[in-house]
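Me: Please take a close look at one part of this structure, the place where the ligand sits. Then go on to whatever else can be said about the parts of the chain.

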Amino acid sequence: MNWETRITKLLQIEYPIIQGGLAYLAYAELAAAVSNAGGLGQITAMSLPTDEDLRNEIRQLRSLTSKPFGVNFAIGMHGIGYESRVQVAIDEQVPVVTITGGNPTPILQMLKPTLTKTLVLVASRRQAQKAEEQGADGVIVVGQEGGGHLGRDDIGTMVLVPQVVDAVNIPVIASGGIGDGRGWMAALALGAEGIEMGTRFIATQECVHASPSYKQALIDGSETDTMVIKRLIGAPARVLRNDYAQTILDIEKKTPTYEAIKDYISGTANKQWIYEGNKQGGFAFGGQVIGMIHDIPTVSKLINSMINEAETVRHRWGTLF
Ligand SMILES: Cc1cc2nc3c(=O)[nH]c(=O)nc-3n(C[C@H](O)[C@H](O)[C@H](O)COP(=O)(O)O)c2cc1C
């Protein structure tokens, strides 16, 4: 099967599958595994404490793969400046940069004179058009099913992707709720030219930083075992359902301010579960796709099974029509 799309050509990858930025989880091992399997792996820049740590992580990744990879910038969420960190990505001639969580214009401007390809995460037609106007090479459309931070309008991937495809000329990548070859083919049918997966890649052998308790929750959870926190402070994010997340919801309902919940939603609280395995003492991001996760394969096994599933879909389409 020929997987070539504008995204595979733009990013110089074999399969149009991108591993999403994953706060505190997307480091060199996972990114290298995805890139080596023919997709695009990414490091999450703002999870690293210093610019030098990012430089070292990029170099570590380059020692593990000769394939293209990305660096993700979630700006505005971590309270630290990002300009010097983007400069590290420029100095290291990173092949791809993805941008989310704030106004992408300054980063797009910084990257304009370079060969780095840029993808902007969007959750509406307007944001996608703006990214195109600002010179982004592509957009990643994040639907409401996804894990982590979401758009404010609660629009699902199935509705949002074709609308963005119709609204822009640059290639579109679908994200949110995709976990196997069926979802991949559905995204292509909607006009997307690639997919991004977050939650599914956490449940892999090479996501070495995720605690066994977190990975087990991804396997045990059904599609109803997630919830959206921080909606009332204008930054909705999908997390795994637990008592801790319910406490956050209760507090934000009573006092819908960042100040009221900031200790509960900190990186430290996040790491309590995802690193330490303390499910009672912290929260963890995750999407509705957990309902379809039943194993912890290697990344290469996951991508191979997605290719097989996609070929089954294509065969079925062939016999249908
Ligand atoms: C644990 C976790 C952390 C995330 N952190 C980031 C991040 O730092 N930057 C980013 O662009 N997206 C982040 N996301 C969103 C993913 O990159 C991706 O868009 C999303 O997971 C897609 O939905 P899915 O989980 O259904 O695959 C995160 C998602 C999860 C589950």
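Reply: A residue is near a molecule if one of its heavy atoms lies within 4 Å of it. This is a predicted model, and in it 23 residues surround the ligand. The closest are G21, N72, G177, E196 and T199.

Three of these residues have polar atoms placed beside oxygen atoms of the ligand. For G21, a backbone N or O atom lies 2.8 Å from a ligand oxygen. G177 also uses its backbone: a polar atom there is 2.7 Å from an oxygen atom of the ligand. With T199 the side chain is involved, and one of its N or O atoms is 2.5 Å from a ligand oxygen. On its own the ligand has 600 Å² of accessible area, and the protein covers 96% of that. Two or more residues of the shell around the ligand come from each of the elements β3 (69-74), β9 (194-197) and α9 (199-202).

Next, the sheet. Three strands form an open sheet in the order β7-β11-β10, with antiparallel pairing. Its edge strands, β7 (148-149) and β10 (226-229), each pair on one side only. Between β10 and β11 (residues 237-240), which run antiparallel, there are four bridges. One residue pair can be named here: M227 has V239 in β11 as its bridge partner. Helix α11 (residues 243-254) packs on the sheet and touches β10 and β11. The direction of α11 makes about 35 degrees with that of β10.

The loop between β10 and β11 contains K230. Its phi is positive, about 65 degrees, although K230 is not a glycine. Most residues other than glycine have a negative phi. K230 counts as buried because its relative accessibility is 10%, and the cut-off for buried is under 20%.

D154, in the loop between β7 and α7 (157-167), also has a positive phi, near 60 degrees, and is not a glycine. D154 has a relative accessible area of 37%, so it is partly exposed.

One more loop residue is E92, located between α4 (83-91) and β4 (96-100). E92 has 10% relative accessibility and therefore counts as buried. Leaving out residues up to four places away in sequence, E92 touches R55, I58, R59 and R62. With R59, the side chain of E92 makes a polar contact of 2.8 Å, side chain to side chain.

How values were computed:
Residues are numbered from 1 along each chain as its sequence is written. This is a predicted model: local features need pLDDT of at least 70, side-chain atom pairs count only at pLDDT 80 or more; totals for chains, interfaces and linings use all residues. Side-chain values use heavy atoms; hydrogens and water are left out. Two strands pair if DSSP finds at least two bridges between them. Contact means heavy atoms within 4.5 Å. Axes are lines fitted to C-alpha atoms, for helices over the stretch in contact, and angles run from 0 to 180 degrees between N-to-C directions. Buried means under 20% relative accessible area, exposed over 50%, partly exposed in between (1.4 Å probe, protein chains only). A polar contact is a pair of N or O atoms within 3.5 Å; within protein, one must be able to donate a hydrogen and the other to accept it, and residues adjacent in sequence count only if both atoms are side-chain atoms. Accessible areas come from the Shrake-Rupley method with a 1.4 Å probe; for residues, only the protein chains shown count as cover.
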